Amino acid sequence: MSGTYTPAPGGPFSALTPSMWPQDILAKYHQKEPSEQPELQYDEFGFRVDPEDDGKPRSRLGTEGSPQREDPQQRLRWQAHLEFTHNHTVGDLTWDLIDPVLSRSERLRSLVLGGIPHSMRPQLWMRLAGALQKKRTSEISYREIIKNSSNDDSSTSKQIDKDLLRTMPTNACFCSMSSVGVPRLKRVLRALAWLYPDIGYCQGTGMVVSCLLLFLEEEDVLWMMCALIEDLLPPAYFSSTLLGVQTDQRVLRQLIVQYLPALDRLLQEHDIELSLITLHWFLTSFASVVDIRLLLRIWDLLFYQGSLILFQITLGMLKIKEEELVSSENSASIFNTLSDLPSQLRDGPAVLGEAMRLAGSLTQETLEAHRHKHQAYILNEQAQLSNGNNTTYNTNLNKAVRRQSLRRKSTLSSLLFGEDEAEALKSKNIKQTELVAALREAITRTAEHFHCLDPRHSSAVSSHTAAQGQCSIYKIL
Amino acid sequence: MEAIWLYQFRLIVIGDSTVGKSCLIRRFTEGRFAQVSDPTVGVDFFSRLVEIEPGKRIKLQIWDTAGQERFRSITRAYYRNSVGGLLLFDITNRRSFQNVHDWLEEARSHVQPHNIVFLLVGHKCDLEAQREVTRQEAEKLAGAYGMRYVETSARDAINVEHAFTELTRDIFALVRTGEITIQEGWEGVKSGFVPNVVHSSEEVTKSDRRCLC
């Protein structure tokens, strides 16, 4: 191999961050002889293009959805906005001169809604999500995190290893152990498991990490994940209880009653448990669920406004297919239509448009109120259910808390310096919910402990204790 | 138009992560082997018709579940509405065999008040050289739980049809003897469309009673 190869503009791998370019495959593309050309075709994101797709090559050169063809107008609007909001110096504006945090405004929101120019995504995502701030203010360096988390023997590492090639098998960057993305995926997943012992490794996060790795450098991906876990998604989204993401499924179901009453009736009539399907969508923030072009547009908004967008998009997508669903013959076909629904919607602007038309008025405050209520229901149900089934709580009593302090700190500072009242109240709610979850788990563990000591293994006693404990927590709060 | 079937059974497939649950189901429902499959997050759904006797078709609704421990609180809810299940372990992974007991306990405590018919499946039997669990000990364990034991390979399509068909036959036998009955509000067994030509009078009365179509 001589030097480094660069993808053709708009050609295979051209949308990837340069360090992910698979040099071995690019080298083949540069061969003069047609016989030397790689036998597999890839798109600009490195995904294998299936030649069976109607026989026509799915070249996306210059097509509407291609992120390569940036709308010059949109790019200009972004540039203007960045220059306008940045008034410290005169002269050429470079990324290191732009603040790590962009202040929220109606203007910025409408720009994000219109889409971030693909070449600006790495820099803007880091800033919108607050990941750049985390990177700059972190007390521990990425190198140290990697060093601390590089234990091959832990059961977590073994589980991660098993999933490395299952995460994005159709992408050239993740398809074999020698692919450029695989060691990065492994390091980031291990780092996350080490940083968040209460999460460890959660299947599903791999999809998010690998999608981020296509566009950002490894270290930046870690900080983006920290921003997702700590700020953008509600607490306990990936934790061993999955409480946060389960709560969101109940919230979604309630929002459907409100926003899509016809679909609600259909789901009730056929007794379809929607959460079976949508849990995956929420847990991966749509990574590996929707076409990557649509994913990029959704993520622009996710990093700007957080988890609210997951609900808006889901409602919008369901709305688009509502008629088809309602006219389905039986529950199996409804279930299948629902499962395949996101992968069939490729028109980003249409999905975003419907999402905003239908649920654009849904606010973070409303969402938090719903979450609060449903989380309490779930905790209560689990407390009643946990008679004798406590073995699944394999939580380690001596776990260190390595990375929660940031959220606590920001909660504290917002309380102290009182941004606005609603914000403070929200933080307080979240913190209370976290406390309830932690207390509940502690009580379960205590109950389990006594249960184990009891020679008669009387499960009635432990469940009783847990249920009572549960009640008293509610009284305290 | 829906194919004609006598009953619909809902099955659940459980077992540790990466024992090959999704691959086994795909082999059975789609007839192909996927080299890799995404880790299942939550639950997936598949269906296929099985002919257990000439003209007697059973529709299987198969629920694929996530193996990772943290998803159990979600998969748990689906035991109750299942009439049967495949409990998988990987013959090249001793740990997954040791966990069979936990899976069974987990399932049994969540199917109440219904019963569930399980089949123990030692998967990946094409990897004989890496075997860590002998057939004898697996058979012994299955015997102790009152289950059948089958060794399968999704890669080489060994015993895949057999495993699902045997389980379906066992359930069908229990339905015929009345040990398993169709119940309102339970999804485990449902009766379907019955072709007029091939069925015993006994099944006609049963389906006439239940068929809502």
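This tour moves through a predicted model, from the two domains of chain A to a single helix residue and then to chain B.

**Stop 1: the two domains of chain A**

Begin by selecting residues 93–232 of chain A, which the domain assignment gives as domain 1, and colour residues 243–367, domain 2, separately. The C-alpha centres of domain 1 of chain A and domain 2 of chain A are 24 Å apart. To their contact, domain 1 of chain A contributes 26 residues and domain 2 of chain A contributes 19 residues.

**Stop 2: the buried area**

Keep both domains displayed and turn to the surface between them. Domain 1 of chain A and domain 2 of chain A together bury about 2000 Å², and 71% of this lies on carbon and sulfur atoms. Next, select A:Arg109, A:Leu113 and A:Leu232: these supply 27% of the area that domain 1 of chain A buries against domain 2 of chain A, more than any other three residues.

**Stop 3: polar features across the interface**

Show the side chains of A:Arg121 and A:Asp300, which form a salt bridge with an N to O distance of 2.9 Å. One salt bridge is found across the interface of domain 1 of chain A and domain 2 of chain A. Between these domains, nine residue pairs are in polar contact, counting pairs with both residues at pLDDT 80 or more.

Now display the helices on the domain 1 side of chain A. Those giving two or more residues to the side that touches domain 2 of chain A are H3 (106–114), H4 (121–129), H9 (205–215) and H10 (218–232) of chain A. Which of these should be centred in the view? H9(A) provides the largest share of that side, six residues. By residue class, the side of domain 1 of chain A that touches domain 2 of chain A comprises 17 nonpolar, six polar and three charged residues.

**Stop 4: A:Ala262**

Move to helix H12 of chain A, residues 261–269, where A:Ala262 is located. Is A:Ala262 buried or exposed? A:Ala262 counts as partly exposed because its relative accessibility is 27%. Add A:Glu322 and A:Val326, both touched by A:Ala262 when residues up to four places away in sequence are not counted. For a further reference point, select A:Ser333: its C-alpha atom is 17 Å from that of A:Ala262, and the two residues are 71 apart along the chain.

**Stop 5: chain B**

Finally, isolate chain B, which has seven helices and seven strands. Followed along the sequence, chain B reads β-α-β-β-α-β-α-α-β-α-β-α-β-α. Of its 213 residues, 57% count as buried. Among the contacts in chain B with a separation of 6 or more, 76% come from residues 24 or more positions apart.

Notes: Residues numbered from 1 in each chain as written. Chains lettered and ligands numbered in written order. Predicted model: local features only at pLDDT ≥ 70, side-chain atom pairs only at ≥ 80, totals over all residues. Heavy atoms only, no water. Domains from an automatic or database assignment. Contact = heavy atoms within 4.5 Å. Buried area = accessible area lost by both parts, 1.4 Å probe. Salt bridge = Lys/Arg side-chain N within 4 Å of Asp/Glu carboxyl O. Polar contact = N/O pair within 3.5 Å; in protein donor to acceptor, adjacent residues only side chain to side chain. Helix = DSSP H or I, 4+ residues; strand = E, 2+ residues; numbered from the N terminus. Nonpolar A, V, L, I, M, F, W, Y, C, P; charged D, E, K, R; others polar. Buried < 20%, exposed > 50% of the residue type's maximum accessible area, 1.4 Å probe, protein only.
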